[in-house]
Amino acid sequence: TTALLWLRRDLRLGDNPALRAAVAQSERLIPVYIHAPEEEAQWQHGAASRWWLHQSLSALDQGLRQRGSGLLIRRGESLAVLRQLIVETGATALHWNRCYEPAVIARDSAIKQALRAEGIRCSSHNAALLSEPWELKTGAGEPYRVFTPYWRRLRAELLKRDDLTDQSAAPDALQPLPTPLEQLPLEALDLRPQIPWDQGLQANWQPGEAGARAELERFLNGPIEPYHEARDWPFERGTSRLSPHLHFGEISPRQILAAIRDRGIAAEVAEPFERELGWREFSYQLLYHFPHTPSEPLNPRFADFPWRSGDTEPLLRAWQRGRTGIPIVDAGMRELWHSGWMHNRVRMIVASLLTKNLRLPWQAGARWFWDTLVDADLANNTQGWQWSAGCGADAAPYFRIFNPVLQGERFDTKGLYVRRWCPELARLPDRFIHQPWQAPASLLAQCGVRLGRDYPAPIVDLKESRAEALAAYDQVKGSS
Ligand code: FAD
């Protein structure tokens, strides 16, 4: 028998349940990737994600070739392509790992129904999550909206599980692809940028399963120990940087937990890190139960929030380009543009500035992140933005407005992060690195900084805009 293995966001060979099932249940396996961006509706891959996808598909193809097989690439409507492949190969079964974005769930359900009616055995599997979004419910049978009880529950479930120790290796050898199958070259998908803006991405990342492994090793060999504290320091590589690998399924959270257990890392050392994986699960659970949230606030009060009116384009553009005149924000936005990633602490700071001080809608920020992040992920991005804007589940209350100067002084005390990404400020002393507008003119001149020329003057007054944001919040606070 022949089975199709439809690879989507599970771009790995180790710990891949659909691959495992297909190998166990059939004699021949045909791994296929179908390029059908329209099927993701308004959430097609952004530019940075396309770059990653290209590299990751290439790595996956290599891994499959090393095992005697290869990745078949096709383009077109998924159902039509699958039907065509069934005719060409005589496949009687189809395996895939589940995705959880609303448009993809709808597509996959329709495909399952159609192909089953045509006599094809369709099986979907869980490769991405520690717990399916429908598995854990509150005592009242509702989805969780508060993180801490969710995490307590998930953690208790994980402690009971006995499948978190083996690493589930990739199969050693696979059947070759049948020869006359039409194969699109990866280049035909046009995923790579037309203009070469991707040097920063290339310098920072190694997409694919081996790259994910290497990043995990790096993290477990050191940074996991001080993670509970160092995770907030943006100038250090203190976090795992696994987010794009997790997004594309080059590594599974199960593999990560298994590696932590294998090394005998103490539970209390691992907990702060595992809790972040818990946030990822929580976000997927929210997206699944509240599928409108990528564009609408979870808290309906915020539907009428008085965002700034008038010509907001210049403010948005200054934020996007890292030219707000607020150093920690500009450093973050430039890190994002250059490397396709931004440190979590700084994501929260730039999101607060956008949604509170600039009073621009969180959806505009989420869209920019979607296009520029290599880890752009509908569940995590939606949750991150709604949390920051104060309108999501278990959100920071809207009135808690980050002061970016104090945040900078606390988490980038010596200004190392700002100096790296805003080199025009590098010579300023620590005292003014997070608020150059407070420095005496003579000192600025001495350090070679002309505000408004070498580096922007702040585009917003932090104190006034804070008061305006609170007044705007008062307008929606009482409504429901
Ligand atoms: P680590 O600290 O090493 O954490 C390990 C893993 O846990 C991460 O790889 C990620 O998968 C998960 N994780 C960590 N923090 C969170 C969180 N707050 N919410 C959900 N999952 C989390 N993360 C994305 O993966 N994609 C996004 O599009 C995204 N957009 C965000 C937007 C905003 C405004 C904010 C505030 C956060 C966003 N995050 C997003 C969450 C978080 O910033 C990143 O997951 C994290 O910075 C990735 O770095 P890391 O892999 O080194 O994280």
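# Ligand shell and cores of a predicted chain

Of the chain's 480 residues, 44% count as buried (20 or more other C-beta atoms within 10 Å of a residue's own, C-beta atoms being placed from the backbone). This is a predicted model: local features need pLDDT of at least 70, side-chain atom pairs count only at pLDDT 80 or more, and totals for chains, interfaces and linings use all residues. Residues are numbered from 1 along each chain as its sequence is written.

Student: What radius of gyration does the chain have?
Tutor: Take it over C-alpha atoms; the globule rule is 2.2 Å times the number of residues to the power 0.38. For 480 residues a compact globule would come near 23 Å. The chain agrees with that, at 24 Å.

Student: How many helices and strands does the chain have?
Tutor: Both are DSSP runs, numbered from the N terminus: helices are H or I with at least four residues, strands E with at least two. The count is 21 helices and five strands.

Student: Which helix gives the most residues to the largest nonpolar core?
Tutor: Such a core joins buried Ala, Val, Leu, Ile, Met, Phe, Trp, Tyr and Cys residues through C-beta atoms within 7 Å. The largest has 103 residues, and Trp6 is among those with the most contacts inside it. The top contributor, with nine residues, is α2 (residues 47–66).

Student: Which residues does Trp6 touch?
Tutor: Contact needs C-beta atoms, placed from the backbone, within 7 Å. Leave out residues up to four places away in sequence. That gives Val32, Ile34, Leu82, Leu94 and Trp96.

Student: Which helices do the buried residues of α10 pack against?
Tutor: Helix α10 spans residues 253–262. Its buried residues are Pro253, Arg254, Gln255, Ile256 and Ile260. They pack against α7 (209–220), α9 and α11.

Student: Which helix supplies the largest share of the shell around the ligand?
Tutor: A residue is near the ligand if its C-beta atom, placed from the backbone, lies within 6 Å. There are 28 residues around the ligand, with Thr239, Ser240, Ser243, Asn381 and Gly384 coming nearest. Helices α9 (243–247), α11 (267–289), α14 (344–357) and α16 (378–389) each supply at least two. The largest share, six residues, comes from α16.

Student: Which domains does the ligand shell lie between, and why?
Tutor: Domain bounds come from an automatic or database domain assignment. Two domains both give residues to the shell, so it lies between them: domain 2 (129–167 + 207–289) and domain 3 (300–477).

Key. A residue is buried if 20 or more other C-beta atoms lie within 10 Å of its own, exposed if 12 or fewer, and partly exposed in between; C-beta atoms are placed from the backbone. Two residues are in contact if their C-beta atoms, placed from the backbone, lie within 7 Å.
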